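Work through these exercises with the sequence and the model side by side. Try each task before reading its solution.

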Amino acid sequence: MDTLHVSETIAATMSMRYNYASIVISDRTGETPALNGKNTYQDHRRARRRVLRFLAGGALGGALPLSLGAADRQAAPGTLDYCTTPARFDQPLRLPGREGLQGILRMNADAIALDAVTRSSVPGLALTARVAGREYIDPTLIANRGDVLRIRLRNTLSEPTVIHWHGLTVDTANDGNGDTLIGADGAFDYGFTVRNRAGLYWYHPHPHGATAAQVYRGMFGLLFVEDEEELALRRALEIVPGENELPLVLHDRRSGVPDRYAPSESDLMHGWYGDESLVNFTARPYLDVDAKRYRFRVLNASNARIYRIGVRDERGGAQPFTLIGTDGGLLEAPRTVTEIFVAPAERVDILVDFSGIAVGGFALLESRAFDPMHTEMPAAAGAAKPSTQEHGRADTQQHVHSDGQQHLHSDTHEHVHSEHVHGARGDPSAPPVSASDGAAHAVLQFNVRRRGLAQPPLPSRLSQPIPVADATGDERPLRLGFAKGRWRINDRVYDMNATPIVVAKNAVETWLIRNYHASMPHAMHLHGFQFRVLERETSPDQLGPLVVDARGRVATDLGWKDTVLVWPGESIRLRIDFRHPFAGDQIYLIHCHNLEHEDGGMMLRVKVG
Ligand SMILES: [Cu+2]
């Protein structure tokens, strides 16, 4: 399937249409505040004023032309001044319950069926299960390490699909790499042992060429694996999942048409970005919290958007938080951070402590501005914007548009207001809007509602160290780049009949992944194995403040990973232990998890003896 080819002609003109708009954080025309039962209108107004003070304090990094007085004035009903209305978090964050969307389904020895279905509401595609009289939509699965999972995928869609178990150590037959597709009305039985450490893994479709559409439209879910180490940590920290441990699935959508996936040529090259930031399928989400420590299990389920995650208190100060785990489970030791990049498909396990916030106050989970480094065409792009080295530090500015929408801009770029960006509002035939990667935006508001009790100290050791095996052979180079309208690995695009990477039986390899300067950030995902990041070299300037050791690594490199973000111009060394317990040769994949890049062919088969 090669419908995603980006023609060179279009690619060459694309820099003229660079889409550096921003995330809309304002109210939208015609909407009235949807207050829930817990919040009074006064609460809402108080929270709104706090957000305004927060914004006025320059919390998002730059001078805001908006005056507090102007912003806080009340417009008459129907004439609300959208130019000056700030971000509002008025929807309670969806939390997984005992059924329904993201409902928690604890696996046991019984087989379950996951039905790939089309729905009339959002998400428009989902995997549903019916167990003991309860219906689950994209269930949050919980399994113990060592469990045998038996899952029947039944495809009721009119197109092929297959489910990939992201991060799990499984054989090719169970990996869902797309070699076997489940056609309409077809079914497939997965059966595998959960060999992985405790951690947050996930499942999502992987039919080559249609992965992006199916994931974006909502066909994915979480898989939590538990083990003794995990349970010990919960005891030590008095963590109760569902109470002070919550999953946060970050994803962006195009507001108004959240189920429509219709990428332009530009989207296929850069990735499909929405203008609206969601958490757990909730737009403008807030979470009521106690003034104590919370654990958040974060997945970036966006097709293409990278988050530069940070926490702000209501005075606009950056609040440190604690990284305790990555894709493949707990770190050896907790790590205090002020921000972390989370690329598509990456997971982070973090502790955020609200105990310093007074009852009635709030904090924000935000994505800070960064340079998205879409620099695949340096000659053309260079004419339109300064070099990435010169604008590595990203400031943001609030900017009021002629269409009355209030946006946040990444000020590192010229504001090109193309039809593509602003054409959709009010015109149903216009293409959906998008907002550039790297735009600052608030993700989730935490409202501190109750005082917290004294809490246990953080243990200095979270998990037993797992030695990183020595390499058994030569370093294997992989180069990421763009040519002839396609994103490529080692100048190749995906060919299901070619296996360019062959790993010898019982090999432990070092992979040197180098991303060209004229490139984009690529979130490289390897199926079947967790790996370690050994070092980063020639990283962009904006990574500098995040580097934690002499090997150029950032905090999220200190744990086990299955997905790693490689910036333009950067070189990363990985150590991968390819020893596996399965009989015979296995076929896995290495690919970019920017799903538009993946569907466009930025993927290679890997044979492991
Ligand atoms: Cu990519």
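**Exercise 1: A loop residue with positive phi**

Ala-132 sits in the loop that links β5 to β6 (134-137). The model is a predicted one. Task: state what is unusual about the phi of Ala-132, and decide whether Ala-132 is buried or exposed.

Solution.
- Step 1. Read the backbone angle. Ala-132 has a positive phi of about 50°, although it is not a glycine.
- Step 2. Count the surroundings. Ala-132 has 7 other C-beta atoms within 10 Å.
- Step 3. Apply the cut-off. A residue with 12 or fewer such atoms is exposed, so Ala-132 is exposed.

**Exercise 2: A second alanine for contrast**

Task: find the loop that holds Ala-345, then classify Ala-345 as buried or exposed.

Solution.
- Step 1. Locate the residue. Ala-345 lies in the loop between β21 and β22 (347-353).
- Step 2. Check phi. The value is positive, about 80°, and Ala-345 is not a glycine.
- Step 3. Count again. Ala-345 has 26 other C-beta atoms within 10 Å. The cut-off for buried is 20 or more, so Ala-345 is buried.
- Step 4. Set the two side by side. Ala-345 is buried, whereas Ala-132 is exposed.

**Exercise 3: A cis peptide bond**

Task: which residue is joined to Pro-123 by a cis peptide bond, and in which loop does Pro-123 lie?

Solution.
- Step 1. Look at omega. It is about 0° for the bond between Val-122 and Pro-123, and that bond is cis.
- Step 2. Place the proline. Pro-123 is in the loop between β4 (112-118) and β5 (125-131).

**Exercise 4: Ordering a sheet**

Task: give the strand order of the seven-stranded open sheet, and explain why β15 and β20 each have one side without a neighbour.

Solution.
- Step 1. Trace the order. It runs β15-β14-β13-β17-β22-β19-β20, with mixed pairing.
- Step 2. Go to the edges. β15 (282-283) and β20 (329-337) each have a single partner strand, so one side of each has no neighbour in the sheet.
- Step 3. Zoom in on one pair. β13 (residues 245-253) and β14 (residues 276-279) run antiparallel and are joined by four bridges. Within β14, Ser-277 is opposite Asp-252.

**Exercise 5: Parallel neighbours**

Task: which strands pair with β7 in the parallel sense?

Solution.
- Step 1. Take β3 (residues 104-106). This strand pairs in parallel with β7 (residues 140-144) over three bridges. Leu-105 has Leu-141 as its bridge partner in β7.
- Step 2. Take β12 (residues 221-226). Four bridges link β12 to β7, again in the parallel sense. Glu-226 of β12 faces Asn-144.

**Exercise 6: A strand covered on both faces**

Task: which residues of β21 lie on each side, and how does β18 run relative to β21?

Solution.
- Step 1. Split β21 (residues 339-342) by face. Glu-339 and Phe-341 are on one side, and Ile-340 and Val-342 are on the other.
- Step 2. Check burial. All four are buried, and both faces are covered.
- Step 3. Find the partner. β18 (residues 307-313) is antiparallel to β21, with four bridges. Arg-308 is opposite Phe-341.

**Exercise 7: Into the core**

Task: which residues touch the most other members of the largest nonpolar core?

Solution.
- Step 1. Take the whole set. The core has 135 residues, and Leu-223 and Leu-250 touch the most other members.
- Step 2. Find the main contributor. Strand β26 (residues 441-451) gives the largest share, five residues.
- Step 3. List some contacts. Beyond four places in sequence, Leu-250 touches residues including Val-279, Val-298, Tyr-307 and Val-443.

**Exercise 8: Where to be cautious**

Task: in which stretches does the pLDDT stay below 50?

Solution.
- Step 1. Start with the average. The chain has a mean pLDDT of 82, and 76% of the residues score at least 70.
- Step 2. Mark the weak stretches. pLDDT is under 50 over residues 1-86. The value is also below 50 over residues 379-431.
- Step 3. Draw the consequence. Where pLDDT is low, predicted coordinates should not be read in detail.

Technical notes: Residues numbered from 1 in each chain as written. Predicted model: local features only at pLDDT ≥ 70, side-chain atom pairs only at ≥ 80, totals over all residues. pLDDT = per-residue confidence, 0-100. Contact = placed C-beta atoms within 7 Å. Pairing = 2+ DSSP bridges. Helix = DSSP H or I, 4+ residues; strand = E, 2+ residues; numbered from the N terminus. Core = buried A, V, L, I, M, F, W, Y, C linked by C-beta atoms within 7 Å.
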